[in-house]
Each structure stands twice: as structure tokens, then as C-alpha cells.
Amino acid sequence: MAIHENYRSDIDGLRGVAVALVVLFHFDVRLFKGGFVGVDVFYVISGYLITGIIVSRVDDGKFSFSSFYIRRIRRLFPALAAVLIGSVVASLFVLFPREEVDFGKSLAATSMFFANMFFIGRNGYFAGDSSLWPLLHTWSLAVEEQYYLVFPLVVVFASRWTPRVLKTALWTGLAISLAICVALTAANADFAFYLMPSRLWELLMGAVLATGAAPEPKSRVLREALGAVGIVAIFVSGVVISKKTSFPGFAALAPTLGAALVIAAGGKAGTIAHRLLSSRALVSLGLVSYSLYLWHFPVASFYKSWNGPELGTFATIGLGVCALGLAVVSYFVVERPFRFSRRLWPDNWVFPAAAMGVALLLGVSATLVLSSGLPGRFSPAAAALAAYQYQSDPNIVDPEAPPHCLIETLKSEALDPACLTPKFAHDNILLIGDSHADPLRAGLKVIFPETHFLQATATDCRPSLGKQSDPYCGRMLQTVLGDFLPRTKIDGIILAANWQRAAPAELPELVDFLLGFTPNVIVLGPLPTYRGALPEILARAAQSNDAGYVAAHRVGERDALDRQIAAALKDRRVTYVSLYRTLCDDRDCTTVDGKGEPIQWDYGHLTPAGSRLVAQRLKANGVTLLPR
């Protein structure tokens with residue numbers, strides 16, 4: 001059952017493809033919205049190569065656990081330590097105290113190869129702010145190393161019997177892990193994404209190839225076909241799969257099977273796939289793939305923390321060049337010397353040196369956490385703004401608030417009936433919209449106490465009569481527009497949302513429909529939004545004393561969209577209120593209330609203070625919720 005340890009240039013090329021997909025995804029290149037599948041390809045490669053090494057050494061009677069783990073430490077730890085040290089230094093200049101504490105905790109988890117466990121439940125991999133965790137990508141290393149703590153024991157134990165025992169064990173483990181992955185993806189995709197048991201099958205897919213548990217293609221025609229299908233499967237996965245895909249689950253079969261087919265077909269040189277993957281560019285990229293994987297994410301993360309989450313074309317190119325440059329330097333200065341030089345790093349020093357390195361990193365982690373993120377790095381004003389904690393509880397500003405009236409994906413399926421219950425002898429106004437509309441109700445209730453507000457809002461659900469992309473949004477709108485309004489008398493409707501480009505075309509039709517139920521329809525236009533969280537932008541402006549920093553991070557297109565919506569509704573019997581002009585003039589926008597509290601807690605959602613301020617200004621500007 002042993003395999004040859006001959007070098008295969010096509011596998012280095014496959015590494016290059018895998019790391020390119022991951023980097024392009026993290027650098028927000030839209031074509032490769034599924035580029036995260038590069039990690040799945042890496043797992044198959046790792047399972048194939050390392051299983052082959054273990055099995056061949058076991059067969060030759062030369063395997064030892066100490067030698068195996070020395071090789072793993074030499075391969076992984078030096079480059080990882082360099083990236084962690086570099087990230088610590090960068091974090092001191094970029095991250096605010098609260099972020100620094102989180103970074104310190106993730107540093108400890110990464111140092112101990114438990115990053116996957118740390119990130120479960122803290123931040124979904126596909127969440128918008130996940131890119132601001134500089135060490136998030138190290139979850140994949142943790143999964144792999146947890147696997148290799150156990151796998152050599154399985155091989156050594158199975159080798160005492162016939163080769164069939166190991167092959168049967170590998171196929172059995174693969175099937176069980178795949179079943180766990182599919183079931184867990186349906187129940188909790190976050191857990192399925194991060195946990196080793198639900199990722200085990202991807203590494204085992206490479207292992208079954210390495211041990212001959214999967215049949216080797218014999219004919220040239222078959223190898224050509226399998227190699228071509230494998231490359232296409234990987235590429236299509238990187239393009240078609242997206243954050244909205246239920247992943248890993250069955251969807252992960254495409255890139256992993258693709259990688260397995262490429263490896264199986266490329267054992268003998270000469271196929272088109274082998275020649276393509278053996279090109280100098282891909283092989284060179286594959287050689288630095290580990291260092292590039294380690295460096296690219298912190299580079300992008302720290303940039304986004306400072307400049308905002310959106311990457312333009314020039315920023316993407318610049319960050320790519322920076323990450324690749326760091327990877328090349330890391331490969332030649334750190335990775336290769338520590339991996340291959342016994343003079344620089346004798347075998348008998350590997351375990352003590354690694355232990356001391358981990359201890360040092362844990363000490364740095366403890367310092368960052370116990371010092372509350374070293375707040376002395378920032379001015380008091382900047383530290384206070386950066387420490388702003390958003391309070392989402394509507395009862396803070398409205399003690400009589402009804403149950404939660406915002407449907408959030410995977411958290412609630414329907415509105416609480418109290419959200420749509422009118423009050424007798426009151427003016428009843430219905431607020432319809434998305435998560436940007438949700439906080440408005442609290443401020444309106446305080447400033448317009450004579451009015452009873454009903455609410456129907458759902459995350460990422462902009463009101464329209466068109467087909468909604470998310471089922472929960474469509475159900476909520478059907479409940480309100482198709483069931484509630486036809487049988488309930490209300491005095492007015494307010495529409496509010498994080499309006500997008502389609503709003504000027506879609507809103508007139510919706511307004512005409514709603515005027516059939518009440519003559520009083522109010523449309524609240526878009527709020528100003530920012531490239532990043534407003535409290536942090538304000539903090540950086542205060543720290544750098546840069547008067548233009550906030551304006552430079554404001555999304556300029558919102559003003560134009562506000563004017564377009566106003567123009568689209570000017571001939572309708574509807575009241576249009578520009579929230580943009582409520583908060584902004586031609587020079588600047590209001591960003592804090594009278595007490596200095598930020599009025600938006602992220603890129604655009606109002607805080608309780610912001611909700612009150614907007615409602616106060618609407619009333620001061622003569623906006624009435626009902627015609628008198």
C-alpha cells in the first residue's frame with residue numbers, strides 16, 4: 001500500500017490554483033465569489049501527500065511519531081510565527097482597544113491550533129465584519145493539525161493487519177464524516193464549516209488516493225478526461241458557489257472531487273491537466289502558497305480596518321502585490337531555511353523552540369487581553385468613540401416597546417402579532433422596511449407620543465412588489481401587503497429602508513398600491529452611509545486630527561440616490577422625506593448627537609440616540625405623520 005514520494009509539479013500547480021482562489025475571494029474579486037473552496041482543495045492535497053509519507057514510512061519500518069511531528073512543526077510553525085508577530089505589530093497601530101482584546105484572544109487560539117473552535121459562534125465566516133478579524137483564516141490550519149494529531153495513530157494501528165483494513169477504515173471514516181458534514185450543514189452551517197469532524201472527509205479523500213483505496217485510472221483517454229473534469233469542477237466551484245450556498249454540505253463535493261480527480265489523473269505526466277498545472281507560474285505560486293495564504297488575510301484585514309471594508313480595483317492590486325511580496329520573502333527567508341536546514345534549527349531543538357515560541361505568543365496574548373487592549377495608544381476622545389457599545393434594546397428609548405419586530409434570517413420566521421396590533425382611539429401608522437427601518441420606530445414613538453406605530457420589518461428586505469430573493473422577506477411582505485392591509489384600517493404607512501439603485505424604479509408602483517389602503521403614505525429616503533463603522537471612523541479622525549477623514553469615508557452615491565427617489569415620486573400623492581438632507585447639508589453630515597454619542601453604530605444603522613435625533617429633526621422641520 002505504499003506510494004512513491006516522487007515530486008509532482010502538477011500538485012504544486014494545484015496548490016497555486018487553490019491559493020489563488022482563496023486570495024481572490026478575500027480580496028473581493030467578484031468573479032470568484034466561491035474562492036473559499038480553495039481551502040477544500042488544500043485539504044485533499046494535504047491528505048494525499050502526508051498520508052503517502054506516513055504510509056510509506058510505516059511500510060518501511062521507519063516511521064516515528066517524533067520525526068513526523070518535527071516535520072510538521074518545521075513545515076508550519078516558522079512562517080506562522082512570522083505572520084503572527086507581524087500581525088501583533090500591525091495591530092498596535094491599527095486596532096482599537098476592544099478590537100485588540102479580541103485579537104489577543106484569537107492570537108492565543110491560533111498559537112494553540114484551536115482557532116476553529118474560537119471562531120465558532122463569534123463571527124460567521126461569511127459575515128460582513130469577519131474580514132476584520134486578522135487571524136480568521138487560521139481556522140483551516142487548526143482543523144488540519146487536529147486531524148494530524150489522530151490520523152498517524154490510525155495508520156500505525158491499521159498497519160498491523162492487512163492493507164485492506166486501512167483502506168476500509170479510510171472509506172468508512174470518509175463516509176461517516178461526509179454524513180456528519182451534510183447533517184450539520186443543515187442544522188448549523190457555522191459549526192459544519194469550522195469543526196474537524198465535518199471536514200475530516202476532505203482530508204480522507206486525499207488519503208484514499210494515497211493508499212490506493214481508490215482505483216488508479218489506467219488509460220490515457222481516461223486520465224485526460226478525469227483531469228479536465230477535475231480542473232473544470234474546481235474552477236466552476238470558485239465561480240458558482242457563493243456565500244449564499246449551503247456550505248460545506250454536498251456543495252463541497254464539487255471542489256474536493258475536482259481536486260481528487262486532478263491528483264488521480266496526474267500521476268503520470270503527459271496529460272493536458274498535468275502540463276497546465278506544471279506551468280512555471282502556477283508551480284511558483286504553489287511553492288509560496290503556504291506563506292501567501294498566511295500573509296494575504298492579515299494584509300487585507302488591517303487595510304480594511306483602516307480604510308473601510310470595500311476594496312477598489314487599485315487597492316486590490318496593491319494589496320495583492322504586497323501579500324505576494326511578503327509571501328516570497330517569507331518563503332525564502334523563513335519557511336525554507338527553518339524547514340530544511342538542520343544547522344539553523346537542529347532536530348533536537350525543534351520541540352523546545354516551538355514550545356518557547358508558543359509561550360511567547362501566549363504571553364503577548366495575555367498582555368493584550370489583561371491590559372484591555374492597551375488603551376494608552378489612543379487619545380481619550382478617540383478611545384471613547386472606539387469604545388462605543390451599541391445598545392439594540394428598543395426599551396432603552398421606549399419602555400412600552402412591543403416584542404421584537406424585526407425578522408432576522410435564521411432567528412425568527414414571522415412577526416410577533418403584537419407588532420401588527422392597532423390601538424383603539426389612536427392614530428395607527430404602519431412602518432414597513434428592512435433593518436434600517438427597524439430603529440426608526442423607537443425615536444418616532446418618543447417624539448410623536450400621540451401616534452401608535454405598528455411595525456413590519458425584516459433584515460435585508462427592501463419593500464417592493466417584485467419577487468424577493470429571500471423567502472423570509474417575501475413571506476413578511478405577503479403577510480403585510482396581502483393579508484394585513486386588506487382587512488385592517490390604518491391611518492398611514494411609512495416606508496423606510498437602505499434603498500438601493502432599483503428604488504426609483506420600484507417605489508412608484510408600490511406607493512400606488514399602498515394608496516389603495518390609506519391616503520397617507522410617507523417615504524423616508526436613504527440615510528448617509530459610510531465605508532466602515534461610524535464610531536471607528538470618528539475615532540480615527542479624532543486620533544489623526546484629520547478633519548476630512550469622516551467625509552472621505554462617506555458613501556457619496558447616497559445623495560444622488562436620494563434625489564433620484566424624490567424625482568421618481570414627485571407626481572405621486574405621497575410625502576417624501578429626505579433623511580439624507582435631514583442629517584446633511586452641502587458641506588457635512590451630523591454624526592453625533594448633542595452628548596457626543598454616534599448616531600449610527602455601523603456603516604448606516606441608527607443608534608437609539610440617532611433614532612431620537614432623526615425624529616426630533618423631522619418634527620422641527622415641520623414633518624407631520626398625518627395630514628391635519
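Start by selecting E100: its relative accessibility is 0%, so it counts as buried (buried means under 20% relative accessible area, exposed over 50%, partly exposed in between, with a 1.4 Å probe and protein chains only). This is a predicted model, where local features need pLDDT of at least 70, side-chain atom pairs count only at pLDDT 80 or more, and totals for chains, interfaces and linings use all residues. Residues are numbered from 1 along each chain as its sequence is written, and side-chain values use heavy atoms, leaving out hydrogens and water.

Now add R377, whose side chain meets that of E100 in a salt bridge at 3.6 Å, N to O (a side-chain nitrogen of Lys or Arg within 4 Å of a carboxyl oxygen of Asp or Glu). The two partners are 277 residues apart: E100 lies in helix α4 (residues 97–111), R377 in the loop between α16 and α17 (380–386). Helices (H or I, at least four residues) and strands (E, at least two) are DSSP runs, numbered from the N terminus. R377 is partly exposed, at 22%.

Next, select R74 and D347, a salt bridge of 2.8 Å, N to O. Here helix α3 (residues 65–94) supplies R74 and helix α16 (residues 347–370) supplies D347, with the two positions 273 residues apart in numbering. R74 is buried at 2%, while D347 is partly exposed at 34%.

Then move to R531 and E310, paired at 3.9 Å, N to O. Both sit in loops: R531 between β5 (521–524) and α21 (534–544), E310 between α14 (289–307) and α15 (313–340). E310 is exposed at 53%, and R531 is partly exposed at 24%.

For a last stop, select D559, R563, R581 and D586, joined into one network by salt bridges that share partners. The structure holds 20 salt bridges.
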